[in-house]
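I opened this entry to look up how charged side chains are placed and paired, and I kept notes as I went.

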Amino acid sequence: MGCTTRLKHLTPEDEKVLTLVGAHLGSLTSRDLKARCADGLEHDTQTWAARKRELTPLSSARWAGSITKATHDQWALARRCQLAHIQSLEAAIRAIRHRLSLPVGAKGTKGVPGGYRSRREWFAKTRRLHVLEDRLARERADRESGVVHVVRGGKRLARNRHHLHAAQLTETAWRRRWEAERWFLQADGESGKRFGNETIRVSPDGEISIKLPAPLAGHANAAHGRYVLTGRVAFAHRGQEWADRVAANRAVAYRICYDVQRDRWYLTASWQTAVTPTIPLEAALAQGVIGVDMNADHLAAWRLDIHGNPIGAPRRFFYDLSGTTDHRDAQVRHALTHLLHWARSRGVKAIAIEDLDFAAEKTREKHGRRKRFRQVISGMPTGRLRARLTSMADQLGVSIIAVDPAYTSRWGAQHWQQPLTSTTRKTTRHDAASIAIGRRAQGHPIRRRTAPPPAHRSDEQGHRTVQAGLEALGREGPRPRIPGPRTRSVPPDAARTRATRTSNTVRDVRSRQGWVQGSLLLTEQERYPHGPAPSSPDVDVPWKDDATHT
């Protein structure tokens, strides 16, 4: 958890000191990262302590601790990215081998690509297969030996040095950005110390003081080798939480960065919160759930009650994933903020999302020339959205339920899109998918509630739903065997047999005028009120007599 603010009203001396400290600590960080990468898999606590001892005389004990921890985290991140790259290469090789095994022009099936379109493309893919196999072998060898490739400042910015015209940069502008990206101005917090951090200290009234490294102690303007900046800061977002931690001397980590394009300095504060205890699923779903379907440009959400029925109108929260990384991150955060505030205003304590993972779908070998589709799924920040939603929902007391994404869009459109579309509301496929996601989180089937059967066919229009339990008589599916009548249309105490249950309407009697309606069946006492019934079975009363009796 963290918050960011801008450093304003800095004097030229303040900017000079920040630049000197960032450049000096950045060079130490590059040296320590090189040593960490050289250790590889043989790194242990002894080598970590040795690196820290080497850095302490050139900075300070706390600066050395922050540097070694940052380099270790960067090595671990590069290690995880290396594994993801290996998995991506393996997926591409499997796709190419499968398509090469099929005849040229063979059509694919659902979810499985077909053969290549021409012999020329088939031959080109055989060459690419050898290239990917060589690349995979090299990456596997690096991983087994513990070798990682890291560029401080970013690989993209490093490559822009050779393509300044395409990047629309001059050499001077590129150099300024490159140096600013490689500066190091971040310090970890420590509980129990004054204001939660001894290296970069921010007081409750916004005063910032920095512990200068030993070679730069001559620039100090305060006691104990510290430099106090002229400007003061105030955190608008989560400022009260930050003030409470600082007042209680709890750990707060700070990071100072410089934006070359805007010529601005920023300060970011971050801290850890206690792990929220997991609540039972029944308690989270007590007030219903909001199903959320994530798409390339918006979040489609619909609120469901405890029975899985949609309430109100669907909501859509749009975002734009084009532009820089900061812009995309801000767009996602803005959409999630609106979603959580809407859930909180409705009193809902649970949000259901799909557990999406496009790691195996982003390779171009699986989808071939569908470049636009690959761009869409590659641009969807599934992992970032899930992590940020979980973090933001935890502060508002909202639980996040991840469900299986299989067939939610297809079944939602099949069972919910058309019934919920009216002249005043157009239900999209994504809105219907959000209902399917919410119902799956609640444990209900995705299909809609089953309508009662017609009268005298099963249950006398009893209330039957697909959500009913196994013991309910009106549920869909086989029923338990109960002695007595087969259906509930017949009273349990009836003693009539099949022979006596005849139709009350004569359907086979015709006359010149058309169909003739027969009389109702009468009991034996009603038909012969003055004496016993005739003994001969062939004796019967004519139809007109029946009509007279009626």
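I searched the whole structure, a predicted model, for salt bridges and found 10 of them.

I looked up Arg-201 and found that its side chain forms a salt bridge with Glu-198, with the closest N and O atoms 2.6 Å apart. Arg-201 is buried, since its relative accessible area of 13% falls under the 20% cut-off.

I turned next to Arg-232, which meets Asp-205 in a salt bridge at 3.2 Å, N to O. Because Asp-205 sits in the loop between β3 and β4 while Arg-232 belongs to strand β5, this pair ties together parts that are 27 residues apart in sequence. Asp-205 is exposed at 51% relative accessibility, whereas Arg-232 is partly exposed at 46%.

I then noted a salt bridge between Arg-232 and Glu-207, at 3.7 Å from N to O, which links strand β5 with strand β4 across 25 residues. Through shared partners, the salt bridges join Asp-205, Glu-207 and Arg-232 into one network. Glu-207 is partly exposed, with a relative accessible area of 31%.

What is the nearest side chain of opposite charge to Arg-439? I found that it is Asp-305, 6.8 Å away, and that Arg-439 is buried yet has no salt bridge. I placed Arg-439 in helix α15, residues 429-442, and noted that a polar atom of its side chain lies 3.2 Å from the backbone oxygen of Arg-447.

I last checked Glu-133 in helix α4, which is partly exposed at 25% relative accessible area. Leaving aside neighbours within four places in sequence, Glu-133 is in contact with Ile-93 and Arg-97.

Notes
Residues are numbered from 1 along each chain as its sequence is written. This is a predicted model: local features need pLDDT of at least 70, side-chain atom pairs count only at pLDDT 80 or more; totals for chains, interfaces and linings use all residues. Side-chain values use heavy atoms; hydrogens and water are left out. Helices (H or I, at least four residues) and strands (E, at least two) are DSSP runs, numbered from the N terminus. Buried means under 20% relative accessible area, exposed over 50%, partly exposed in between (1.4 Å probe, protein chains only). Lys and Arg count as positive and Asp and Glu as negative; His and the chain ends are not counted. A salt bridge is a side-chain nitrogen of Lys or Arg within 4 Å of a carboxyl oxygen of Asp or Glu. A polar contact is a pair of N or O atoms within 3.5 Å; within protein, one must be able to donate a hydrogen and the other to accept it, and residues adjacent in sequence count only if both atoms are side-chain atoms. Contact means heavy atoms within 4.5 Å.
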